[in-house]
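Welcome, and thanks for taking a look at this one with me. Below are a few short points to read alongside the structure.

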Amino acid sequence: MIQLKNVGKKYKTANGSLTAVNDVNLSINDGEIFGIIGYSGAGKSTMIRLLNGLEKPTSGTVTVNGQNISAIKGKELRNARHKISMIFQHFNLLWSRTVEENIAFPLEIAGISKAEREKRVLELVELVGLKGREKAYPSQLSGGQKQRVGIARALANNPEVLLCDEATSALDPETTDSILDLLVSINEKLGLTIVLITHEMHVIRKICHSVAVMESGEIVEQGNVLEVFQSPKADVTKKFVSQVTETAGHKESIAQMLDNYPNDQLIKLFFVGAKTEQPVISHLIRQYEVDINIVHGNISPTKSGPYGTLIVRIVGKNENVEKAVQYLEEQGIKTEVIKNA
Ligand code: ADP
């Protein structure tokens, strides 16, 4: 368990004191994939450095696995940090060492014997899918393969917590997904806790159980990913959620439909979990004698179930349209009217 209680971090700068993290309270459960999302300057990197003891908080306490990271130093802190590993946006590999030598590096530092190192490197190469590339140098690897080396190296000493610092931000979308899949499989196989920082809601949507949204050093919203998707409260959270739900063509489709039918309303439906699989639309058409024009739709799977939005134009007698919308609400499907601006 990772716990932050009233954590604040101020930096001294030439222009006086700068608050990077302000009164943060956070609990991260063992075995959880926890995402911290925010725009640049929100305080994410500072948070991650507070978690591994690279920075001391100005106020409050950071506890990792029962140990107050903010109070210990020297050998005690070094030992605690063996259990907290990290991967980086730009991989931070040793360029003059091969894949296997990079992975063996933390084992050498920990004083593990050569025979044991070789055995462990073999296991790790297998785990991250780099078999056959052991003798390659980082310059001969793709971005995704470099991050696989980074992950193998981070796991070498069996950490309990893996911190990911924008680990997929330098990768193309397809490679991003394969690295995210690898993180999920490691989380499930090894049961280790993963804390990641990102500015991409796709990453949170795809692999996180819980999320905290940061803005100006504060956590403005946190909770189960599906719940946050369903009812984002802070403006910044709404913006992040729209990164995932408002896919290409979303705005154009709405504008075009409103242009064509200026007197009609469009209705946005929000489906959550099992509701995405129920035939509510066909029921609506039969029961209320309305027609449905689909303007735009999208389903986003999250770790705790699917989340979907559907924008429709409901055509029919006014009273039937009203009843149809009421029926949707009764089914627990949130609705929102989109009008001509
Ligand atoms: P993020 O990772 O979300 O971009 P950071 O934690 O890097 O945010 O930064 C939060 C704020 O703290 C920013 O205003 C940044 O300029 C400032 N900051 C970060 N590190 C330092 C430092 N070592 N000294 C002074 N200011 C810093």
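**Notes on the ligand site and one helix residue**

1. A good place to begin is the ligand's surroundings: α1 gives four residues to the shell around the ligand, the largest share. Please keep in mind that this is a predicted model.

2. Where does the rest of the picture come from? Alongside α1 (44-51), the strands β1 (2-13) and β2 (16-28) each supply at least two residues of the shell. By character, the shell divides into six polar, five nonpolar and two charged residues.

3. Now for the residues that come nearest. Out of 13 residues around the ligand, these are Gly-41, Gly-43, Lys-44, Ser-45 and Thr-46.

4. Some of these can be followed down to atom pairs. The side chain of Ser-45 places a polar atom 2.5 Å from an oxygen atom of the ligand, and for Thr-46 an N or O atom of the side chain is 2.6 Å from a ligand oxygen. With Gly-43 it is a backbone N or O atom that lies 3.0 Å from an oxygen atom of the ligand. As for cover, the ligand on its own has 560 Å² of accessible area, and the protein covers 65% of that.

5. Finally, have a look at helix α6, which spans residues 173-190 and contains Thr-175. Is Thr-175 buried or exposed? Thr-175 counts as buried because its relative accessible area is 18%, and the cut-off for buried is under 20%. The side chain of Thr-175 also makes a polar contact of 2.8 Å with the side chain of Asp-172.

Technical notes: Residues are numbered from 1 along each chain as its sequence is written. This is a predicted model: local features need pLDDT of at least 70, side-chain atom pairs count only at pLDDT 80 or more; totals for chains, interfaces and linings use all residues. Side-chain values use heavy atoms; hydrogens and water are left out. Buried means under 20% relative accessible area, exposed over 50%, partly exposed in between (1.4 Å probe, protein chains only). A polar contact is a pair of N or O atoms within 3.5 Å; within protein, one must be able to donate a hydrogen and the other to accept it, and residues adjacent in sequence count only if both atoms are side-chain atoms. A residue is near a molecule or strand if one of its heavy atoms lies within 4 Å of it. Accessible areas come from the Shrake-Rupley method with a 1.4 Å probe; for residues, only the protein chains shown count as cover. Ala, Val, Leu, Ile, Met, Phe, Trp, Tyr, Cys and Pro count as nonpolar, Asp, Glu, Lys and Arg as charged, and the others, Gly among them, as polar.
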